[in-house]
Amino acid sequence: MAKSGNVNVVWGVVAGVLAWVIPGAGHAFLGRWIRGAIIFLCINGLFWSGVYVGGVFTVDPIKEKWWYMAQMCTGASGVYSLSRQAAQRAALVAEDRGLPPETPAERAWGRRNVSSSDVQQTVDRLAAEKGLALVDKGDQVARAYSGIAGMLNILCIFDALMLGLMGRRGEPVPPRSPQEDRP
Amino acid sequence: MTMFTNPVLIGSNYLWLLVPLCMVLALVYKTIRVQYLRHLPLAVLGLWVYILLGLSALGAAFYLLLEYVA
């Protein structure tokens, strides 16, 4: 049974943060397990379908900034894809310069400059040579799928935040009267 | 070719991929909006059809605009 109470900032913030980190987790935290599961499957399915179509460079913070901002709203999936993209990018640059692969520490401290525009041309060329570059039409589908997944999660984060702030937990119980039970 | 690393070729009928995209959009939106879960399937179906019809109408309108006006 759905319980409501006074404004609960802690629940709201926790639900909102969980909803960002793992889509659907905010609703699950508030006792709405089925909704949480649906959101989790749909948003992650949509995001990873986009990455499947577009490949590792679907998440591109340099050339596709706006789509990148939307993709990061999917939480762990977006961050993981970003790290894969950064690792691939660094590997391409290292190969071009004849350097050994970048270590995780180097990547964390940004020792090698792989974000400037002159490096971008190298990355574009090597990505095209190795079949990693997004292909025509596929890039639109990939970014639409993954970006819309992020935008949908913004709705879910807001919903979980509001439900948490209002202290609403659990699913509302449907009324017994048919007159009240209308979609 | 490695999955999720190399892109895939999707062919010229890529616009059909709008259909599952609209389904997921309707499903997520109605999941957070519907009051009782038992109303969810019908609500999702209704919204999905509504979105598809709306997009089709928009597409037709733009096509006519470009074909006969522009």
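Me: If contact means heavy atoms within 4.5 Å, how many residues does the contact take from chain B and from chain A?
Reply: This is a predicted model, in which local features need pLDDT of at least 70 and side-chain atom pairs count only at pLDDT 80 or more, while totals for chains, interfaces and linings use all residues. Residues are numbered from 1 along each chain as written, chains are lettered from A in the order of writing, and side-chain values use heavy atoms, without hydrogens or water. On that footing, the contact draws on chain B for 26 residues and on chain A for 41 residues.

Me: Which helix gives the most to the side of chain B that touches chain A?
Reply: Chain B and chain A bury about 3000 Å² between them, with 72% of it on carbon and sulfur atoms; buried area is the accessible area (1.4 Å probe) lost by two parts on being put together, summed over both. On the side of chain B, nine residues come from the element that gives the most, a helix (a DSSP run of H or I, at least four residues, numbered from the N terminus), and that helix is α1(B).

Me: How many salt bridges does the rule find across the interface of chain B and chain A?
Reply: A salt bridge here is a side-chain nitrogen of Lys or Arg within 4 Å of a carboxyl oxygen of Asp or Glu. Over all chains, the search of the whole structure finds five, but across the interface of chain B and chain A the number is zero.

Me: How many residues apart are E171(A) and R35(A), whose pair links distant parts of the chain?
Reply: The side chains of E171(A) and R35(A) form a salt bridge at 3.0 Å, N to O. E171(A) lies in the segment after α8 of chain A, whereas R35(A) belongs to helix α3 (residues 33–54) of chain A, and the separation is 136 residues.

Me: Which helix supplies the largest share of the lining of the largest pocket?
Reply: A pocket is an open set of points on a 1 Å grid where a 1.4 Å probe fits, with protein on both sides within 12 Å along at least five of seven lines, and lining residues have an atom within 4 Å of a point. The lining numbers 13 residues, with R32(A), L163(A), R168(A), I32(B) and Q35(B) nearest the centre. At least two lining residues each come from α8 (138–165) of chain A and α1 (18–33) of chain B, and the largest share, three residues, is from α8(A).

Definitions and conventions
Contact means heavy atoms within 4.5 Å.
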